[in-house]
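Welcome! Here are some short exercises to work through with the model in view, each followed by a solution in steps.

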Amino acid sequence: MIKTRFTEMFGIKHPIVQGGMQWVGRAELTSAVANAGALGFLTGLTQPTPDDLRKEIKRCREMTDQPFGVNLTILPTLVPRPYGEYIDAIIDSGIKIVETAGNNPKPFLPKMKEAGIKVIHKCTSVRHGISAEKVGVDAISMDGFECAGHPGEDDVPNLVLLPAAANVIKIPMIASGGFADARGLVAALALGCEGVNMGTRFMATKEAPIHQNVKEKIVSSDERNTALILRTMRNTSRVYGNSVAHKAIEMEGEGKTIQEIGPYVAGAKGKVVYETGDLEHGIWSAGTCMGLINDIPTCKELVERIVSEAEEMIRGKLAKAIAA
Ligand code: NAD
């Protein structure tokens with residue numbers, strides 16, 4: 001077992017987190033991750049309304065008695081979302097772990113703290129990590145440029161971002177972006193983190209509630225198959241590099257507005273990709289760690305493999321590297 005301040009703080013067995021993923025973070029996956037001894041997150045905005053989120057939390061509780069949390073990503077959306085009402089749904093459902101992302105969680109923190117919620121804030125720069133620590137979050141998920149979804153605008157990969165953050169951040173920090181195997185977990189520990197957050201890796205698991213075509217595409221793709229959309233709007237998102245993503249980038253190059261590009265990048269279309277397996281129907285998130293993913297295990301097989309190989313690596317290869 002690998003025990004860290006993070007596993008202690010959140011009452012989990014393994015220092016592995018399944019972070020928020022739009023359309024993917026549903027009860028099937030989150031409960032499987034929780035039952036594997038890692039920390040799963042339902043994605044709040046995947047549920048169309050706060051009431052639907054209440055129902056999803058209840059459904060997840062029926063599938064696991066282990067701790068799990070809810071992700072709330074606070075970013076611009078094509079159709080405005082009532083973030084405050086989602087927080088209310090999280091609080092009155094008795095959730096005790098929240099992952100915030102996309103924006104400073106300060107406005108929502110007093111309410112969550114009052115409800116005894118521990119907050120992990122996902123951010124993409126050292127300065128945002130420092131601000132989040134100052135406003136009182138409990139842990140940081142530091143997200144490097146390798147990640148799927150929103151990597152921020154600084155383009156700093158984790159080999160530098162994580163130790164730079166660890167130099168100044170005191171609360172527990174987990175590493176996010178590019179993590180998919182035991183080598184990543186060991187590296188994250190060495191770089192100053194107390195666990196890893198994985199998204200794309202958990203998409204390619206048996207329990208992920210997405211079409212088999214998406215899982216197989218992740219397995220057959222490599223680290224070069226992603227694309228960065230919405231760069232021109234300073235809301236960069238790393239997605240699978242399909243024809244829709246490249247069309248959106250072309251339109252951005254022509255100076256088109258978000259209203260004009262919206263129909264291409266809309267999450268509603270990405271949802272159809274996950275449901276039907278039509279990989280060119282819309283954009284769908286995927287990270288560079290596709291280059292490290294070669295199978296579709298259960299969550300339990302994946303988590304146990306990562307932890308046991310990491311232990312073996314620390315006790316074996318790394319320990320033996322010290323000259324007698
Ligand atoms: P959506 O369909 O509302 O929007 C599609 C994309 O356009 C999103 O990336 C969104 O941030 C962006 N966008 C919308 N309005 C914008 C504007 N005015 N200016 C600049 N960019 C704009 O989004 P969705 O797919 O339904 O997802 C819902 C939320 O979850 C969004 O905020 C999205 O960014 C977020 N999300 C987060 C992750 C992650 O990595 N944490 C992954 C997927 C989606």
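Buried area is the accessible area (1.4 Å probe) that two parts lose on being put together, summed over both. The structure is a predicted model, in which local features need pLDDT of at least 70 and side-chain atom pairs pLDDT 80 or more, while totals for chains, interfaces and linings use all residues. Residues are numbered from 1 along each chain as its sequence is written, and side-chain values use heavy atoms, leaving out hydrogens and water.

**Exercise 1.** Find the domains of the protein chain and describe how they meet.

*Solution.* Start with the division: domain 1 covers 5–209 and domain 2 covers 226–285, with bounds from an automatic or database domain assignment. Next, take the centres over C-alpha atoms; they are 23 Å apart. Then look at the contacts (heavy atoms within 4.5 Å): 18 residues of domain 1 touch 17 residues of domain 2. Finally, the two domains bury about 1,400 Å² between them, with 55% of it on carbon and sulfur atoms. On the domain 1 side, Trp-23, Leu-78 and Glu-153 supply 41% of the area buried against domain 2, more than any other three residues.

**Exercise 2.** How many salt bridges are there between domain 1 and domain 2?

*Solution.* Apply the rule first: a side-chain nitrogen of Lys or Arg must lie within 4 Å of a carboxyl oxygen of Asp or Glu. The count between the domains is 2. Now locate Glu-153 and Arg-231, whose side chains form a salt bridge at 3.8 Å, N to O.

**Exercise 3.** Which residues around the ligand come nearest?

*Solution.* Collect the residues with a heavy atom within 4 Å of the ligand. There are 17, and Pro-76, Leu-78, His-150, Asn-235 and Gly-267 come nearest. Both domain 1 and domain 2 give at least three residues to this shell.

Now check ligand oxygen atoms for polar contacts (N or O atoms within 3.5 Å; within protein, one must be able to donate a hydrogen and the other to accept it, and residues adjacent in sequence count only if both atoms are side-chain atoms). A polar backbone atom of Gly-267 is 2.7 Å from one such oxygen, and a polar side-chain atom of Asn-235 is 2.9 Å from a ligand oxygen.
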